[in-house]
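Thanks for making time this morning. Please have a look at the model on the screen, and then I will walk you through a few places in it.

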Amino acid sequence: MRLFQPSGPGDEFCPNDVRSTHCTRDRQAESPLQSSDFSLQGKEPPNPALIAQASAASESADYPEGGVRAWLVVLGSWSAMIPSMGLLNSLGILHAWVSAHQLEGYSESSVGWIFGAYGFFLYVAGAQAGAIFDAYGPNYIIIPGSIGIVAAIICLSFSEAYYQIFLSFSVLGGLSASALFTPAVSSVGHWFNLRRGYATGIACTAGGLGGVIFPIIILFAAPKIGFPWAIRIIALLSAVLCLLACILLKTRLPPNKSAGASVDFKALKDVKYASTTIAVFLVEFAVFIPITYIASYAVHVGVHNELSYALIVFLNLGAVPGRFLPGLVADRVGRFNVMVLTSIVCALLTLALWLSAGKSTPAIICYAVFFGFWSGAAISLTPVCISQVCATEDYGKRNGTTFTISSIGTLTGIPIAGAIQQRDHGGYEGLIIFGGVLYLAAAIAFALARGICQGWSLKTKF
C-alpha cells in the first residue's frame with residue numbers, strides 16, 4: 001500500500017488509496033485556522049471555487065475508475081442481476097402465462113398482486129441488505145441471496161395454487177432478488193465515481209438480457225417439455241450466474257459498522273435526498289405497468305399468443321442498450337437531466353403510441369421496443385442518482401431506504417392498474433392513461449429534484 005509521509009508534527013499518517021474519514025474531518029477542522037493565517041499575513045485567501053474543484057478532483061482520484069479488478073466487480077454485478085432483474089423484466093410473460101393456466105379463474109387485479117409483491121419484496125428488503133452491505137461487505141447477503149433465488153425458482157416450478165406461487169415467487173424470490181440486487185449495485189459504486197453511470201449501466205444490461213433469455217426459454221421450452229421444466233432450466237442458469245457473482249463481487253472502501261439503522265428515514269430531512277427519493281418512487285411506480293401488461297394487452301386485442309409473449313422479448317431487447325447508453329450519456333450531460341428526458345419520452349410513447357395502437361401489431365411491437373429502450377434508465381440510473389446526493393460510505397443504506405419507499409409503488413402499481421382494467425370491463429384505455437400520467441409526474445419530480453440539488457439553469461450538468 002502506498003502511503004504519503006507526514007510533513008510535520010501536526011500532520012496525520014493516512015493511507016493514500018483508502019478514503020480516511022477521520023483524516024478528512026481533521027483537515028476540515030484546520031481550514032478556518034489556515035484562512036486566518038492568510039489574513040494575518042496580508043494575503044488573499046484561496047478562491048473557494050478553486051478549493052471545491054480541487055476537493056472534487058481529489059475525491060475522484062480516490063476511485064480506480066477502471067482496471068481489471070474494477071471491471072471484474074462489474075462482471076460480478078452483471079452476473080447477480082440476470083437472475084434478480086431478469087425475473088423482474090419477465091413479469092409480463094409470467095403474468096400472461098399463469099393468468100391463462102394455473103390461475104385462470106382469478107381476476108387481473110388478484111394475479112397482479114403476485115407480481116407487484118415480487119417487486120415490493122425486492123425493494124423493501126433493500127434497506128436491510130444495504131445496511132449489512134455497508135457494515136460487513138457483500139458476502140453476507142450475496143451468498144444467502146444466491147441460494148434463495150435458486151430455491152425460489154425451483155419451488156415456483158412445482159407451484160399450482162395461488163398461495164404457492166405467491167410464497168415461492170413473490171416472497172422468497174423477491175427477498176432473494178433484493179439480496180442480489182443491492183450489493184450488485186452498491187459494489188460498483190465503490191470502484192467508480194465519474195464513470196459510475198457508465199459502469200452501472202453496463203451491469204444493468206443484465207436485467208434486460210435476462211428479460212430476453214427467460215421469456216425465450218418459457219416461450220419455446222414450455223410447449224415441448226412443460227412449464228415446470230422450463231422454469232427449472234432458468235433455475236440452473238441462475239445457479240451458475242450466482243456462483244460467479246459470489247466469487248467476483250468485492251468492495252474497496254472500509255466497512256462502515258457505525259452506519260446505524262437499516263432504514264434511515266431521518267435522511268429524508270435532507271431536502272436534496274428527499275426530492276430525489278420522491279422522483280425515484282414515481283418512476284418505479286410507473287415502469288412496471290407497461291412491462292407487466294403489454295403481453296396481456298396483445299392477447300386481449302387478438303394478437304397470436306406466441307407473438308404476444310414474444311413482446312416481452314422485444315421490450316427487453318430494447319432495454320439492453322437502454323440500460324447502457326443512457327448511463328454513458330448521463331456521465332457527460334448529467335444523470336438527473338437524462339432521467340427527465342427519458343421519463344418524458346416514456347410518457348409520450350405510452351400516451352401517444354400505445355394508447356392509439358389498437359389492434360395494430362406493428363404499432364404494439366414498436367411501442368414494446370421503444371419503451372424498452374427509453375425505460376431502461378429507470379433501472380440503471382436511479383441508483384446512480386441516489387449516489388449523487390449521499391456519501392459513498394452510506395450509499396448502500398441510502399439506496400436501500402429509497403427503494404424501500406419505492407416498494408410501495410411497485411406493490412400497488414400493478415394491482416391498481418389491474419383494478420382500473422376491471423372497472424373498464426377488461427379494456428386497457430384507463431390502464432394506459434394511468435401509466436402515462438405517472439411517467440409525466442416522474443419527469444416533473446426529477447426536474448424539481450435537479451433544481452433543488454444543483455440549481456435551475458438549463459445548462460446545469462447534474
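Let me begin with one contact, in which a polar atom of the side chain of Thr292 lies 2.7 Å from the backbone oxygen of Phe288; a polar contact here is a pair of N or O atoms within 3.5 Å, where within protein one must be able to donate a hydrogen and the other to accept it, and where residues adjacent in sequence count only if both atoms are side-chain atoms. Before going on, I should say that this is a predicted model, in which local features need pLDDT of at least 70 and side-chain atom pairs count only at pLDDT 80 or more, while totals for chains, interfaces and linings use all residues. Residues are numbered from 1 along each chain as its sequence is written, and side-chain values use heavy atoms, with hydrogens and water left out.

Thr292 sits in helix H11, residues 271-300, where helices (H or I, at least four residues) and strands (E, at least two) are DSSP runs numbered from the N terminus. Is Thr292 buried or exposed? Its relative accessibility is 0%, so Thr292 counts as buried, a word that means under 20% relative accessible area, with exposed meaning over 50% and partly exposed in between, for a 1.4 Å probe and protein chains only. Not counting residues up to four places away in sequence, Thr292 touches Leu91, Gly92, His95 and Ile414, contact meaning heavy atoms within 4.5 Å.

Stepping back to the whole protein, we have 18 helices and zero strands, and 56% of the 462 residues count as buried. Among contacts between residues at least 6 apart in sequence, 81% join residues at least 24 apart.

The largest nonpolar core, that is, a set of buried Ala, Val, Leu, Ile, Met, Phe, Trp, Tyr and Cys residues joined through side-chain atoms within 4.5 Å, has 123 residues, and those with the most contacts inside it include Met81, Phe115 and Phe446. H11 gives the largest share of this core, 16 residues, and at least three residues come from each of domain 1 (65-252) and domain 2 (266-461), bounds that come from an automatic or database domain assignment. Met81, leaving aside neighbours within four places in sequence, is in contact with Gly86, Phe181, Ala184, Val185, Ala203, Cys204, Ala206 and Gly207.

Now to two other helices. The 22 residues of helix H10 (residues 227-248) should span 32 Å at 1.5 Å a residue, and its end C-alpha atoms are indeed 32 Å apart, the expected span being 1.5 Å times one less than the number of residues. Buried residues in H10 include Phe227, Ile234 and Leu241, and what covers the buried residues of H10 includes helix H3 (68-88) and helix H9 (196-225).

Helix H12, with 29 residues, reaches 42 Å from its first C-alpha to its last, close to the 42 Å expected, and is followed by Gly334, whose phi is positive, near 115°. Ala319 is found in H12, residues 305-333, and counts as buried because its relative accessibility is 1%. Apart from neighbours within four places in sequence, Ala319 is in contact with Gly208, Gly372 and Phe373.

Last, His425 lies in the loop between helix H17 (395-423) and helix H18 (429-454). His425 has a positive phi of about 60° although it is not a glycine, and with a relative accessible area of 76% it is exposed.
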